[in-house]
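I am opening a fresh notebook page for this structure. Come along and look things up with me, one stretch at a time.

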Amino acid sequence: MKTLTEMFELAGGSTIGRDHRDQIRPKNGQDAYGVRFTDNGIIALVVDGCGSGKHSEVGAKIGLQMLLQSMSVHLPRFLQARCLAITSPKKTKPFDFWQRICDDVLAQLRVLACQMGGSFSRVVNDYFLFTVVGVIITKWTSFFFSLGDGLFIVNDEIFQSGPFPDNEPPYLAYNLVETSLKNKNPDLLKIKLHRIVATSKLNSFLFGSDGLVDLLAAYNKPLPGKDELVGPIDQFWTEDGFFRNRDKVNRRLALTAQTVTRVNWTDQHMLTDAGLLPDDTPLIVGRRTKVLE
């Protein structure tokens with residue numbers, strides 16, 4: 001039987017959004033993405049920092065590694081519990097994998113925020129507000145989930161988490177501080193499972209932050225400064241180049257987000273083609289490996 005790494009190929013990339021890059025004081029990219037291959041499955045995550053946080057890129061990168069590690073550690077027990085729930089439902093002790101992940105990461109963030117000194121709530125709000133969207137692929141089942149806003153395309157089906165009321169997305173670290181969202185709807189501060197798909201039927205997927213909404217909408221627009229169109233979203237999983245060249249996803253996103261200034265020689269004035277991705281846009285794409293003839 002093929003291993004998961006033989007069954008699926010994955011690629012990822014990100015670009016800084018136009019509204020972050022074209023400011024007088026440009027912001028760093030406030031997102032992170034990563035893939036971890038374990039003996040029990042493939043874990044792929046996109047983490048997006050809060051746009052209003054002073055140093056959200058720090059929390060996004062730290063949070064990504066914490067989440068990957070925690071999921072890797074607890075995945076074997078999660079799979080064992082699911083198996084026992086089928087074979088011996090009366091003898092199975094409940095194991096909330098998703099809550100365990102949240103508890104693990106929150107405990108680590110709490111310690112880290114305390115060690116940084118100063119106002120605890122200010123440190124959390126400045127550094128550690130981030131959303132997460134992701135997938136865990138095991139030999140039998142694949143799980144698509146999020147905490148906060150994001151967009152998924154699974155076997156050509158599009159579904160979205162968010163937008164949220166009052167443009168207030170939930171962040172995992174809101175569990176550490178007092179917020180109106182925590183008081184109004186604490187369930188939003190938990191990881192939500194969106195789709196469970198039999199891995200044998202999983203052919204392609206793409207997911208990322210809410211910035212993907214703008215990428216989808218721009219498909220019939222020309223790339224800034226070029227005659228070539230942005231193109232449909234399925235190019236990311238149908239074109240082999242995105243999996244053969246590790247930087248191609250980055251380059252395609254950067255071309256779509258860049259603002260280009262050019263000269264109109266006929267009218268003798270400058271033209272500006274604004275970037276088509278206003279927000280940071282990270283994504284991970286995957287597909288079933290093609291069978292070679």
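**Entry one: strand 12 and its partners**

I began with one pair: Phe207 has Ile284 of strand 12 as its bridge partner. A reminder to myself before going further: this model is predicted.

Next I looked up how strand 12 is tied to strand 9, residues 204–208. I found 5 bridges between these two strands, which run antiparallel.

Then I turned to the pairing with strand 1. Strand 12 covers residues 283–288, and 6 bridges join it to strand 1, again in antiparallel fashion. Two pairs are worth jotting down: Phe8 faces Arg288 of strand 12, and Glu9 faces Arg287 of that strand.

Is strand 12 covered or open? I noted it as mostly covered, with 5 of its 6 residues buried.

**Entry two: the sheet as a whole**

I traced the open sheet these strands belong to. It has 5 strands in the order 1-12-9-6-7, and their pairing is antiparallel. Which strands stand at the edges? They are strand 1 (8–13) and strand 7 (157–161); each has a single partner strand, so one side of each lacks a neighbour in the sheet. On average, neighbouring strands here are turned by 10° against each other, direction ignored.

**Entry three: helix 10 over the sheet**

I wanted to know what lies across strand 1 and strand 12. It is helix 10, residues 248–257, which runs at about 40° to strand 1.

I listed the buried residues of helix 10: Val249, Arg252, Leu253, Thr256 and Ala257. They span an arc of only 130° around the axis, so they sit on the same side of helix 10.

One name made me pause, the arginine in that list. Arg252 belongs to helix 10. Its relative accessible area is 12%, so Arg252 counts as buried, the cut-off being under 20%. What is Arg252 in contact with, leaving aside its neighbours within four places in sequence? I wrote down Leu223, Glu228, Leu229, Val230, Gln235, Phe236 and Phe242.

**Entry four: strand 5**

I moved on to strand 5, residues 141–147. Why do I call strand 5 largely enclosed by the rest of the structure? Because 7 of its 7 residues are buried.

A general point helped me here: side chains in a regular strand alternate between the two faces of the sheet. So I checked each face of strand 5 against that. Thr141, Phe143, Phe145 and Leu147 are on one side, Ser142, Phe144 and Ser146 are on the other, and all are buried.

Its partners came next. Strand 4, residues 130–137, is joined to strand 5 by 6 bridges, and the two run antiparallel. Between them I found a hairpin that connects strand 4 to strand 5 through 3 residues. One bridge to look for pairs Val133 with Ser146 of strand 5.

Strand 8, residues 192–198, is also antiparallel to strand 5, with 6 bridges joining the two. There, Thr141 has Ala198 of strand 8 as its bridge partner.

**Entry five: two helices that pack**

My last stop was a helix pair. Helix 4 (residues 97–116) packs with helix 5 (residues 120–127) at an angle of about 115°, and their axes are 9 Å apart. This makes the two helices roughly perpendicular. I noted the crossing of helix 4 past helix 5 as right-handed.

Which residues make the contact? From helix 4 they are Arg110, Ala113, Cys114 and Met116, and from helix 5 they are Phe120, Val123, Val124 and Tyr127.

Notes
Residues are numbered from 1 along each chain as its sequence is written. This is a predicted model: local features need pLDDT of at least 70, side-chain atom pairs count only at pLDDT 80 or more; totals for chains, interfaces and linings use all residues. Side-chain values use heavy atoms; hydrogens and water are left out. Buried means under 20% relative accessible area, exposed over 50%, partly exposed in between (1.4 Å probe, protein chains only). Two strands pair if DSSP finds at least two bridges between them. Axes are lines fitted to C-alpha atoms, for helices over the stretch in contact, and angles run from 0 to 180 degrees between N-to-C directions. Contact means heavy atoms within 4.5 Å. The arc is that of the directions from the helix axis to the C-beta atoms. Angles under 35 degrees count as roughly parallel, over 145 as roughly antiparallel, 65 to 115 as roughly perpendicular and the rest as oblique. A crossing is left-handed if the near helix is turned anticlockwise from the far one by less than a right angle, and right-handed if clockwise.
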